[in-house]
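Okay, thanks for making time for this. I'll put the structure up now, and then we'll walk through it together.

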Amino acid sequence: MRTSGQLSLVVKMPQKDYVKAGRAAPRPRKNTKTVKPFPWPLVITVGVLVIGFAWFLYHLSQKTPVADPVTPVISAKKDDLPPKPAKEPYQYIEELENKEIQVTVEELEAKGPFLMFCGTYRANETAQQMKAKVAFAGYPSEVRRIEGKNGVFFRVTLGPYSSKRQAESDRSRLIRQKVADCRIAVAT
């Protein structure tokens with residue numbers, strides 16, 4: 001079917017089977033039915049070893065035990081024990097049982113209230129930001145104005161705590177919450 005103005009070109013390609021072309025020719029099989037010679041040297045060696053072992057066992061059972069003239073006969077009496085000591089030479093056992101120890105216990109003085117310092121800043125705004133972080137962690141804090149040799153500082157403090165254990169507990173919680181690494185000191 002040709003229409004005017006169109007030209008069709010049909011090209012026929014030769015048919016080729018690519019699947020069979022990729023396979024290698026089958027190899028000729030070797031004759032697997034060849035008879036191997038019987039291993040006579042191995043059979044003879046094993047037979048000689050078995051006969052030798054049987055002969056060895058037979059001669060062991062035929063030997064009579066010979067008395068050993070070198071072994072001396074030792075006769076010991078059971079009553080030849082040394083005499084018991086009259087008294088134990090060590091006295092530390094009695095001393096330890098009867099000893100009393102005097103210990104003097106001194107009462108530790110309470111060092112006083114503790115404060116926790118969570119930062120010292122030059123600007124009041126920065127100190128207020130740290131105070132807000134500590135407040136979000138759940139601890140009340142305050143900003144104190146300190147006049148030092150180098151100018152005015154603003155310190156964020158928590159406390160006072162009646163014991164150092166309470167202060168350490170709050171400090172470890174602030175560190176775990178990654179708020180601040182605070183320092184504990186005795187209030188003066």
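Let me start with a quick one: is E147 buried or exposed? E147 is exposed, with a relative accessible area of 62%. Before I go on, keep in mind that this is a predicted model.

So who does E147 talk to? Its salt-bridge partner is R145, and the closest N and O atoms of the two are 3.8 Å apart. R145 counts as exposed too, at 55% relative accessibility. Just next door in the numbering, E142 and R144 also meet through their side chains in a salt bridge, at 2.6 Å from N to O. Here E142 is partly exposed at 36% relative accessibility, and R144 is partly exposed at 35%. As a general reminder, side chains of opposite charge can pair when their charged atoms come close.

Okay, let's zoom out to the fold. We have five helices and four strands, and along the sequence they run α-α-α-β-α-β-β-α-β. How much of the protein is buried? Of the 188 residues, 13% are buried.

The strands make an open sheet of four, in the order β2-β3-β1-β4, with antiparallel pairing. At the edges sit β2, residues 142-148, and β4, and each of those pairs on one side only. From one strand to the next, the twist averages 40 degrees. If you want to look at one pairing in detail, take β2 with β3, which is residues 151-161: they're antiparallel and share seven bridges. One spot to click on there is I146, whose bridge partner in β3 is F153.

Now, the cysteines. How many disulfides does the structure hold? It holds one, and it joins C118 to C182, with the sulfurs 2.0 Å apart. The link between C118 and C182 is right-handed, with 100 degrees about the S-S bond. C118 sits in strand β1 (114-121), while C182 is in the loop between α5 (164-176) and β4 (183-186), so the bond ties together parts that are 64 residues apart in sequence. Are these two cysteines out on the surface or tucked away? C118 is buried, at 5% relative accessible area, and C182 is buried as well, at 3%.

Stay in that loop for a second, because there's a salt bridge there too: R171 and D181 meet at 3.2 Å, N to O, with R171 in helix α5 and D181 in the loop between α5 and β4, so this pair ties together parts 10 residues apart in sequence. R171 is partly exposed, at 25% relative accessibility, whereas D181 is exposed, with 58% relative accessible area. In total, the structure holds three salt bridges, and you've now met each of them.

Last stop: something greasy on the outside. Which residues form the nonpolar patch on the surface? They are F38, W40, V43, I44 and V48, and together they have about 550 Å² of accessible area. Take W40 from that group: it's in helix α2, residues 40-62, and W40 is exposed, with a relative accessible area of 53%.

To recap, then: a four-stranded open sheet, one disulfide joining C118 to C182, three salt bridges, and a nonpolar surface patch that includes W40. That's my tour, so over to you for questions.

Key
Residues numbered from 1 in each chain as written. Predicted model: local features only at pLDDT ≥ 70, side-chain atom pairs only at ≥ 80, totals over all residues. Heavy atoms only, no water. Patch = residues over 30% accessible without salt bridge, like charges linked within 9 Å, V, L, I, M, F, W, Y side chains within 5 Å. Areas by Shrake-Rupley, 256 points an atom, 1.4 Å probe, with all protein chains shown as cover. Salt bridge = Lys/Arg side-chain N within 4 Å of Asp/Glu carboxyl O. Helix = DSSP H or I, 4+ residues; strand = E, 2+ residues; numbered from the N terminus. Buried < 20%, exposed > 50% of the residue type's maximum accessible area, 1.4 Å probe, protein only. Disulfide = S-S within 2.5 Å. Pairing = 2+ DSSP bridges. Axes fitted to C-alpha atoms, helices over the stretch in contact; angles between N-to-C directions.
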